[in-house]
Amino acid sequence: MLDHVGLEVSDLARSAAFYDAVFARLGIRRVHSGEHAIAYGRHEARFWIVQRGTPPAPSFGHVAISAAGRAAVEAAHAAGLEHGGSDDGPPGPRPQYGARYYAAYLRDPDGLRVEVVSGGH
């Protein structure tokens, strides 16, 4: 259903350090770098961060990123904390979403909520 997701950020370099670290633990790489935008994906640009003067809004909802298991969830969460993010829910089971659902929640440097999940589908 989704082709890509784009988030407005206030400081492209600061946000790139956070997303580079989180995505590296999930096997996702930077596939585009420009003056005002950076994109990530495995093969194609699917997740964009863009700085164009529109302020980010922390209460927009959240983006959920798939991980290949619990260790990847934990590694991505730790990487996010080490690179300017903050904890919004430590790695752990979320049985209210399903028997295999294991997730962690972060706030990126602008306060946008990012979920890293394994066993969601």
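Reader: What makes helix H1 and helix H2 roughly antiparallel to each other?

Author: In this predicted model, where local features need pLDDT of at least 70 and side-chain atom pairs count only at pLDDT 80 or more, while totals for chains, interfaces and linings use all residues, the axes of H1 (residues 12-24) and H2 (residues 70-82) come within 8 Å and cross at roughly 160°. Angles under 35 degrees count as roughly parallel, over 145 as roughly antiparallel, 65 to 115 as roughly perpendicular and the rest as oblique, and H1 and H2 are therefore roughly antiparallel. Residues are numbered from 1 along each chain as its sequence is written, and side-chain values use heavy atoms, with hydrogens and water left out.

Reader: Which residues make the contact of H1 with H2, and how do they divide into nonpolar, polar and charged?

Author: Phe18, Ala21 and Val22 of H1 meet Ala76, Ala79 and Gly80 of H2, contact meaning heavy atoms within 4.5 Å. The residues of this contact divide into 5 nonpolar, 1 polar and no charged; Ala, Val and Phe are among those that count as nonpolar, Asp, Glu, Lys and Arg count as charged, and the others, Gly among them, count as polar.

Reader: Which side chains of strand S5 are buried, and which are not?

Author: Along S5 (residues 62-66), Val63 and Ile65 point to one face and are buried, whereas His62, Ala64 and Ser66 point to the other and are not; buried means under 20% relative accessible area, with a 1.4 Å probe and protein chains only.

Reader: How do you know that S5 and strand S8 pair?

Author: Two strands pair if DSSP finds at least two bridges between them, and S5 and S8 (residues 113-118) have 5 bridges, in the parallel sense.

Key:
Axes are lines fitted to C-alpha atoms, for helices over the stretch in contact, and angles run from 0 to 180 degrees between N-to-C directions. Helices (H or I, at least four residues) and strands (E, at least two) are DSSP runs, numbered from the N terminus. Buried means under 20% relative accessible area, exposed over 50%, partly exposed in between (1.4 Å probe, protein chains only).
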